[in-house]
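Grab your viewer and work through the exercises below. Try each task before you read its solution.

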Amino acid sequence: MRRRAARGAAGDAGEVAAPAADSSDSAQGRSPSPWRLIDLCAIWDAGVYLPSAARNGASSGVARRRLNEAEKLCSVREAQLKRLKVTRPRVLGSRERGRVPRMARQPPPPWVHAAFLLCLLSLGGAIEIPMDLTQPPTITKQSVKDHIVDPRDNILIECEAKGNPAPSFHWTRNSRFFNIAKDPRVSMRRRSGTLVIDFRSGGRPEEYEGEYQCFARNKFGTALSNRIRLQVSKSPLWPKENLDPVVVQEGAPLTLQCNPPPGLPSPVIFWMSSSMEPITQDKRVSQGHNGDLYFSNVMLQDMQTDYSCNARFHFTHTIQQKNPFTLKVLTNHPYNDSSLRNHPDMYSARGVAERTPSFMYPQGTASSQMVLRGMDLLLECIASGVPTPDIAWYKKGGDLPSDKAKFENFNKALRITNVSEEDSGEYFCLASNKMGSIRHTISVRVKAAPYWLDEPKNLILAPGEDGRLVCRANGNPKPTVQWMVNGEPLQSAPPNPNREVAGDTIIFRDTQISSRAVYQCNTSNEHGYLLANAFVSVLDVPPRMLSPRNQLIRVILYNRTRLDCPFFGSPIPTLRWFKNGQGSNLDGGNYHVYENGSLEIKMIRKEDQGIYTCVATNILGKAENQVRLEVKDPTRIYRMPEDQVAKRGTTVQLECRVKHDPSLKLTVSWLKDDEPLYIGNRMKKEDDSLTIFGVAERDQGSYTCVASTELDQDLAKAYLTVLGRPDRPRDLELTDLAERSVRLTWIPGDANNSPITDYVVQFEEDQFQPGVWHDHSKYPGSVNSAVLRLSPYVNYQFRVIAINEVGSSHPSLPSERYRTSGAPPESNPGDVKGEGTRKNNMEITWTPMNATSAFGPNLRYIVKWRRRETREAWNNVTVWGSRYVVGQTPVYVPYEIRVQAENDFGKGPEPESVIGYSGEDLPSAPRRFRVRQPNLETINLEWDHPEHPNGIMIGYTLKYVAFNGTKVGKQIVENLSPNQTKFTVQRTDPVSRYRFTLSARTQVGSGEAVTEESPAPPNEAYTNNQADIATQGWFIGLMCAIALLVLILLIVCFIKRSRGGKYPVREKKDVPLGPEDPKEEDGSFDYSDEDNKPLQGSQTSLDGTIKQQESDDSLVDYGEGGEGQFNEDGSFIGQYTVKKDKEETEGNESSEATSPVNAIYSLA
């Protein structure tokens, strides 16, 4: 297998060592042989035949087309890699990492990715037979179909082919046998079919023009080349002619025709003067695609030169010049006053009548154009008119294809590259100037020469196998398909019972050795043809390996790589891969096996290192090969050089620190401006840096650090700028003085090794802001003269500042002053606003106009206002400042406002109305504030917007607080949106009520508030009623009296207990003691020490929960509603009241009061 040396592909395909038999040099201490690298696209040299793909030709058409494209891209990629050399950013497929300094890491161009993908597609369809096996001929090289040759050179018509046995060649010319032996000038190269026609001994090349076709033949078949049309390049002389001066009226259109002599190929046309100075072209004067020179309108300055058409012929490299045209321009203004050249109304100033556009090319209002698929479509519209028209392009019913369309020749031409059927339709160009517009419609039809859908491929079968050849193409018109075998029409070939023709497909069944032949498919229409050769070969071959054995491949970590195992066999062998002798087949996951035998590892990891074995098997035997894979760490620059700016004479250090695989040899080199850097005595190169001493101007440029090993490379780029701000421009001069323009010219100062990129022109005026410089305009660094547009009534003075990448120069010395005449204002002040600062006023403000927009003395402003949507008269006042306050206005009503500029020369244009508003006030209260409580968990609030917002509502403020009797919780504040009219509160407890306060807000503040309370919960009525009574004075007095009686009762109980302790109560009880009664069953009630503790009442929390202290034995449990009570003799005859359900207790027990009546009876 042939291998290409392509350094850039090493990171993807790995590095391939010499076969094991050649690796003994390393073992003996000698330097090893140079590594050979596998290119990703090397499959085109090492591909194998796939009978299964051939048998399923109809379904593999798309893949076959991709293979053709991949073959071309792979060739392009290989050539590009050779040109890129070390400037290539990184090996294909390596990962991006880290930050990228300016110009440091450049992504691979798009063709790299396309080539890579299509090369991978190619792994499934290349058909190759080892050259030591018998095979029919295959054309490998041929000249292009339209072969144009230089008449001064010998003619070469290429035709090369391969086959076994080696093929012989013969030619036809104009479809007749071309007898080479009879012409002494014609010979055929040895072992090739290439024709050489020698004219050293005389002869005319034109005698050999015609259509040639090459035939390559061996005993297994005949292959054909394309029909090659040979033409001799022609560069005829320009006919001699005397041209009279062209007389034209100024402002009229003019076409100078070139009419070059017909050449082959067509010459390149360009226009110059007779003194070989190029003709300056712009949107007024330009060259058409046909070579003619078009003047949209002729001006007096056009006769300052003559005009000569030149034709450059490709093969002869000669330029022929036509006799020059001279112009005589008739004008109403005979003096070529340069001050009028930049006049805003140049044509009127010169007395040239303005005209609507008309088309010079193409003529009329409509035309049509046909283009072939894949070619470029060029549409052109050139119009005349005064002023010069602008050209715009459109497509009817859609947009222009932005990825393929571009404008040329000052928008006069539209080019669409690589045309497809979707680009057909109607296009139109619109030519317009201030006098009007006109358009031309071009109907575009896209035709197509034949192009492949399924190109026939070589078919290799084992005896007895079936297969098919498919030849499918498309075009417009639809192409016809003709089959041939060995160069003869299939109809006239000997019959073959194993062959069946079905339109664009030939089907082979039970093929035998006698079926070997070369088939040709010719598909054609009126726009061209395609010819393809595909042989049928019948072989019985055991598997064989086509690559060297025991290869060593070294690859970079995390890259995608491919292990090749090219093989051949017939019938088609089955291929399997194994790693380190393991029995499992490698396919799936991180591995992918292509039909040609290549094993792709999508991302290399350390564990992928090892020995890989590929085994090919068919019914005739098996063959195997081994590949050893080594995984290496990538080379990375982890500390990159950075852009630097240095003064002359200082020292600069550029860092470049690299991490790499220790088993690979690292080389660090430097480039300057992408060329190898010469390390002189002012530079010091170390392993991780480059130091430049005494920086000079010549050191400025880009520096690239290239860290490379045998397998990969990394690079980083930085730019060194040597300080040198430009010197100030000088010798400012004002010329071409006009009412509203002047030409400023200056001499540039020294750029100091950093090109001047821009010039900034500044001006100063002595009326509004004397001594203050303002930027006027900015120009490219390539100019030193500019026409400045000026405003009326300004006393100008100019200066120029030069700018480069380093910085700005000092300003130039000022120019002389130039005052323009006055005029009424052409604009009005901007940013007009009307806003209230108080509720009964409106302040009108605007941005005052500057000196360049005042246009005259005594600039003032006419301020007008009135209520919006009323018919009242405008109020107006003249103001010299930038604000005016309107008083006594209603609250927040809209006003129409106008501010018009005026100076001593007149008023400005009528201004547009601006809507302003008078001052805002506090809003009224929200309307219909409703509080609803659908359940114990939520409270819903609803309201309507205030009746009088009195301004722009900015929101609502909702304040709410929970309360339970006299206890009040923490207030919560919610800021709501101005459009919100609903709010939901989640209750934190089911007992407390809530008080809500809602107010609306404007910019002035919060307005009148409305307050509502949440309703009392139904099961809490008693508690709420008590809370209401508890605030009354009489109730407080009653409770104090009851408390005093209770205290007396407790004292009496304590005294009696200290006397005897026990009270017989059992016989007086109506019910037995409850299970919670802790006393003995002897019928006495014993006060224990716990009973001597002070009685503690329950406490009601804010959330309504009743908290009892220490004991449940409270007098609250013996209320009037309970069964227990004191008898008249003072004995306790009750029992503990059975407690209510927990839910009832939480609401009631805190509000129950101990009855004082029984206590009084007891005392009695």
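## Exercise 1: Salt bridges

Glutamate 764 is buried, with a relative accessibility of 5% (buried is under 20% relative accessible area, exposed over 50%, partly exposed in between, with a 1.4 Å probe and protein chains only). Before going on, a note on the ground rules: this is a predicted model, where local features need pLDDT of at least 70, side-chain atom pairs count only at pLDDT 80 or more, and totals for chains, interfaces and linings use all residues. Residues are numbered from 1 along each chain as its sequence is written, and side-chain values use heavy atoms, with hydrogens and water left out.

**Task.** Find the salt-bridge partner of glutamate 764 and say which parts of the chain the pair ties together.

**Solution.**
- Step 1: apply the criterion, a side-chain nitrogen of Lys or Arg within 4 Å of a carboxyl oxygen of Asp or Glu.
- Step 2: the partner is arginine 817, with the closest N and O atoms 2.5 Å apart.
- Step 3: locate both ends. Glutamate 764 is in strand E61 (residues 756-765) and arginine 817 in the loop between strand E64 (795-804) and strand E65 (818-819), so the pair ties together parts 53 residues apart in sequence. Strands (E, at least two residues) and helices (H or I, at least four) are DSSP runs, numbered from the N terminus.
- Step 4: check the cover. Arginine 817 is partly exposed at 33%.
- Step 5: run the search over the whole structure, and you get 50 salt bridges.

## Exercise 2: One arginine, two acids

**Task.** Which acidic residues form salt bridges with arginine 860?

**Solution.**
- Step 1: glutamate 902 pairs with arginine 860, the closest N and O atoms being 3.4 Å apart. Glutamate 902 sits in strand E71 (residues 894-903) and arginine 860 in strand E68 (residues 860-867), so parts 42 residues apart in sequence are tied together.
- Step 2: aspartate 904 also bridges to arginine 860, at 3.2 Å between the closest N and O atoms. Aspartate 904 is in the loop between E71 and strand E72 (906-907), so this pair links parts 44 residues apart in sequence.
- Step 3: compare burial. Arginine 860 and glutamate 902 are both buried, while aspartate 904 is partly exposed at 44%.

## Exercise 3: A small sheet

**Task.** What is the strand order in the open sheet that contains E5, E10 and E9?

**Solution.**
- Step 1: the order is E5-E10-E9, with antiparallel pairing (two strands pair if DSSP finds at least two bridges between them).
- Step 2: the edges are strand E5 (155-157) and strand E9 (186-188), each pairing on one side only.
- Step 3: three bridges join E9 to strand E10 (residues 195-197), and valine 186 stands opposite isoleucine 197.

## Exercise 4: Backbone oddities

**Task.** Where are the cis peptide bonds before proline 265 and proline 571, and which loops hold asparagine 409 and glutamine 888?

**Solution.**
- Step 1: leucine 264 to proline 265 is cis, with omega near -5°; proline 265 lies between strand E15 (254-256) and strand E16 (268-272).
- Step 2: serine 570 to proline 571 is cis too, with omega near 5°, and proline 571 is in the loop between strand E43 (567-570) and strand E44 (574-579).
- Step 3: asparagine 409 has a positive phi near 55° in the loop between strand E27 (405-408) and strand E28 (413-416), and is buried at 19%.
- Step 4: glutamine 888 has a positive phi of about 55° in the loop between strand E70 (883-887) and E71, but is exposed at 72%.
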